[in-house]
Amino acid sequence: MVKMSDYAGKPPAWCPGCGNFAILTAVKRALVELDIEPYRVLMVSGIGQAGKLPHYTRCNVLNVLHGRTLPAAAGAKIANPELVVIAVGGDGDGYGEGGNHFLHSLRRNHDITYLVHNNQVYALTKGQASPTSDLGFVTKTTPHGAWMPLNSLAVAIAAGGSFVARGFAGDVDHLVGLIKKGMHHRGFALIDILQPCVSFNHKNTHAWYRERVYKLEDTDYDPSNRLAAFEKSQEWGDRIPIGVIYREDRATFEEQIPALKKGSLVKQKIDPRQVEVLMQEFV
């Protein structure tokens, strides 16, 4: 039986009160409750405060360039579909630098779980406006206020996302359930996590979110209705929904690759002479 101590890593270096602590706890609890042993897990991250999360766990970790989390995670999943692959990033890393990879991972439906710590600000670099900063949010780089924010959930649904959800770092129990649902999902599971930044975002605080978030599970909402999901993704302001916004079943990218029909690439025998043939053909 897997225990929380099996995933114990180095002490985090986040600011006291940071929402990342709750997300780290939720990730570990989800893995333990699903009884997934650390050697089966690969966490992939880029740059940023969110990108440090894998450093504070005890499992396989791959740290890559800023915004390049998803292609690295997809490559690992293709090479070894038996791995439980979790990609981790922030709103700047994932929706800014990694925006193009975000779109194509959604439409391809790679079988990975993507956790986006959405604090609506660049925190590692001291508080610049990010793609999800609220309209009019004033920072050093946006002294006249930020532009229209990116609606990542609506983009995800439009781009063909098969599992689109939103969590809140202030409700760990609910977040654990969402991460477990995402990991159970066959395909690309986006979980956008509202995560207050106590140092650089003094608008979207824990209290601000607590006054607004509500759980879709407490309503009669149907996450299989795509049009309703688009409408729900627009809800932001006095009321903010958390839970599964949209979900559908469709084939994963890995299931459609002919080379994987013989089994995992890492377990297939390699004939070095094939390389010589390719070299002669292309050089």
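The buried residues of helix H8 pack against three elements: helix H5 (152-158), strand E9 (213-215) and strand E10 (240-247). Keep in mind that this is a predicted model. Below is a quick tour of H8, followed by the nonpolar cores.

**Helix H8**

- H8 runs over residues 226-233, and its buried residues are Ala229, Lys232 and Ser233.
- These residues sit on the same side of H8 because they cover an arc of only 100 degrees around the axis.
- Flip to the face turned away from that buried side and you'll find the exposed residues Leu227 and Glu231.
- At the N-terminal end, Asn225 acts as the cap for H8, with a side-chain oxygen lying 3.1 Å from the backbone nitrogen of Leu227.

**The largest nonpolar core**

- This core has 34 residues, and the ones touching the most other members are Tyr7, Leu31, Val41, Met43, Ile86, Ile179 and Ile191.
- At least two residues of the core come from each of these elements: helices H1 (20-33) and H6 (172-184), plus strands E1 (41-45), E3 (84-90), E7 (163-168) and E8 (189-194).
- H1 chips in the largest share, with eight residues.
- Want one residue to follow by eye? Setting aside its neighbours within four places in sequence, Ile179 is in contact with Ala26, Val27, Ala30, Leu115 and Ile191.

**A second core**

- There's also a separate core of 28 residues, with Val116, Leu153, Tyr214 and Leu216 among them.

Technical notes:
Residues are numbered from 1 along each chain as its sequence is written. This is a predicted model: local features need pLDDT of at least 70, side-chain atom pairs count only at pLDDT 80 or more; totals for chains, interfaces and linings use all residues. Side-chain values use heavy atoms; hydrogens and water are left out. A nonpolar core is a set of buried Ala, Val, Leu, Ile, Met, Phe, Trp, Tyr and Cys residues joined through side-chain atoms within 4.5 Å. Buried means under 20% relative accessible area, exposed over 50%, partly exposed in between (1.4 Å probe, protein chains only). Helices (H or I, at least four residues) and strands (E, at least two) are DSSP runs, numbered from the N terminus. Contact means heavy atoms within 4.5 Å. The arc is that of the directions from the helix axis to the C-beta atoms. A polar contact is a pair of N or O atoms within 3.5 Å; within protein, one must be able to donate a hydrogen and the other to accept it, and residues adjacent in sequence count only if both atoms are side-chain atoms.
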